[in-house]
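Please look over the sequence and the model below. The paragraphs that follow go through one sheet, the loops beside it and the ligand site.

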Amino acid sequence: MPLSLDIEDRDALCDYLWRTGRVPADVAPQMHVLAGGVSNRTVLVRAPGICWVLKQALAQLRVAVEWHSDPRRIEREAVGLQVLAALTPHGTVPELVFVDAAHHLLAMQAVAEPHRNWKQLLLAGQLDASLVAQWATLLGQIHVASHAQAAQLAVTLDDRRFFESLRLEPYYGYAATQVPAAADALGALIAETRQVRLALVHGDYSPKNVLIHAGRVVLLDHEVIHWGDPAFDVGFALTHLLGKANHLAPQRAAFAAAAQHAWACYAAAVALRFGAALEVRVVRHLAACLLARVDGRSPLEYLAPDARARQRRAALRLFARPPSSVAAAIDCVIEELEHD
Ligand SMILES: Nc1ncnc2c1ncn2[C@@H]1O[C@H](COP(=O)(O)OP(=O)(O)O)[C@@H](O)[C@H]1O
Ligand SMILES: [Mg+2]
């Protein structure tokens, strides 16, 4: 079998599914290429008794700049799916069906229809406080549950290569080269992040990777999952709500309230398990992610140039005069976003 299988090629995928016995040879599966991802191919496969999403990691990401990443990260994602399935209520992540490391692909159960992508709902102004609470509480529960199994999960999730190459370098490292005023702070934060090993870190806890089905949050996309600093996930996640507060001026107050609510729900779920120092690091990661999503290699595509400038200013203010609480940091960001 050629190792160059492209799952978006219908004939090739069909042939693969038959030859591997995944689909009976007398059944013609239906296939639909799913849009949305940039670093993977995703294809919905349907046949009697089968409703799967196949995901195949690309070596070269489909972004404007040239960006390569080892497609073996699909194996990391498969580990992530299994670990998260064990830590969360049934249905929180799709069930893994099979992994094929040689073809850099995995199959998982498709999330049932009807479902909506949460980022699309948020950008359309549909901000549901109960979903914000669910999403933030879930993050806290994942951090706490993983921490309770540290002895085992620190080993299973030890590999941080993909977090390094897809987060620390392109987000923090690259932003440091673009914004000299933040270079020292970002350098120190990279070093600190490498030292803190406390919990399962998802690394891509973004509304884009959340499907809403039957009022429930379903998590996708676990390629950069690792054992590390939970503060990263919180700063990263809050950045998505504050990025939308920036972009959607008429709903700024609602998104600011959502960010405060998310932090309160997360903090309640974590209940100081990671000590008071967690909050200090969340403020740093919030500053760093706000900056990275305008000056890193993967800027938020929906932000206009003036919005990028506001977000950069907010991030630099957090670095220069870090507030002592996350709630105060969110207020600070909103205050900067209000000043044109
Ligand atoms: N299990 C699934 N069920 C339904 N849709 C899915 C599933 N997995 C992925 N998708 C769809 O494919 C898109 C891209 O998947 P994702 O895992 O986020 O890949 P990428 O790493 O390329 O961002 C998702 O936004 C979603 O629309
Ligand atoms: Mg994704």
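In what order do the strands of the open sheet of three strands stand, and is the pairing parallel or antiparallel? The order is E6-E8-E9, and the pairing is antiparallel. This is read from a predicted model. At the edges stand E6 and strand E9, which covers residues 216-219. Each of these two has a single partner strand, so one side of each is left without a neighbour in the sheet. On average, neighbouring strands of this sheet are turned by 30° against each other, with direction ignored. In general, the strands of a sheet pair through backbone hydrogen bonds.

The pairing of E6 with E8 can be followed in more detail. Strand E8 takes in residues 210-213 and is joined to E6 by three bridges. The two strands run antiparallel, and Arg-116 stands opposite Ile-212 in E8.

Two backbone features lie in loops next to these strands. The loop between E5 and E6 contains Pro-114, and the peptide bond that joins Glu-113 and Pro-114 is cis, with omega about -5°. The loop between E9 and strand E10 (226-228) contains Asp-221. Phi of Asp-221 is near 70°, a positive value in a residue other than glycine. As a general background, most residues other than glycine have a negative phi, and most peptide bonds are trans.

Asp-221 also leads to the ligand. Around ligand 1 there are 21 residues, of which Gly-37, Asn-40, Lys-55, Val-111 and Asp-221 come nearest. By class, this shell has 10 nonpolar, eight polar and three charged residues.

Which polar side chain atom distance links Asp-221 to an oxygen atom of ligand 1? A polar side-chain atom of Asp-221 lies 2.9 Å from that oxygen atom. Ser-39 has an N or O atom in its side chain 3.5 Å from an oxygen atom of ligand 1. Gln-109 takes part through its backbone, where an N or O atom lies 3.1 Å from a nitrogen atom of the ligand. Of the 550 Å² of accessible area that ligand 1 has on its own, the protein covers 91%. The elements that give two or more residues to the shell are strands E2 (40-47), E3 (50-57), E5 (105-109) and E6 (115-117).

Where does ligand 1 lie with respect to domain 1 and domain 2? Domain 1 spans residues 10-109 and domain 2 spans 115-338. Both give residues to the shell around ligand 1, so the ligand lies between them.

Notes:
Residues numbered from 1 in each chain as written. Chains lettered and ligands numbered in written order. Predicted model: local features only at pLDDT ≥ 70, side-chain atom pairs only at ≥ 80, totals over all residues. Heavy atoms only, no water. Near = heavy atom within 4 Å. Polar contact = N/O pair within 3.5 Å; in protein donor to acceptor, adjacent residues only side chain to side chain. Areas by Shrake-Rupley, 256 points an atom, 1.4 Å probe, with all protein chains shown as cover. Helix = DSSP H or I, 4+ residues; strand = E, 2+ residues; numbered from the N terminus. Nonpolar A, V, L, I, M, F, W, Y, C, P; charged D, E, K, R; others polar. Domains from an automatic or database assignment. Pairing = 2+ DSSP bridges. Axes fitted to C-alpha atoms, helices over the stretch in contact; angles between N-to-C directions.
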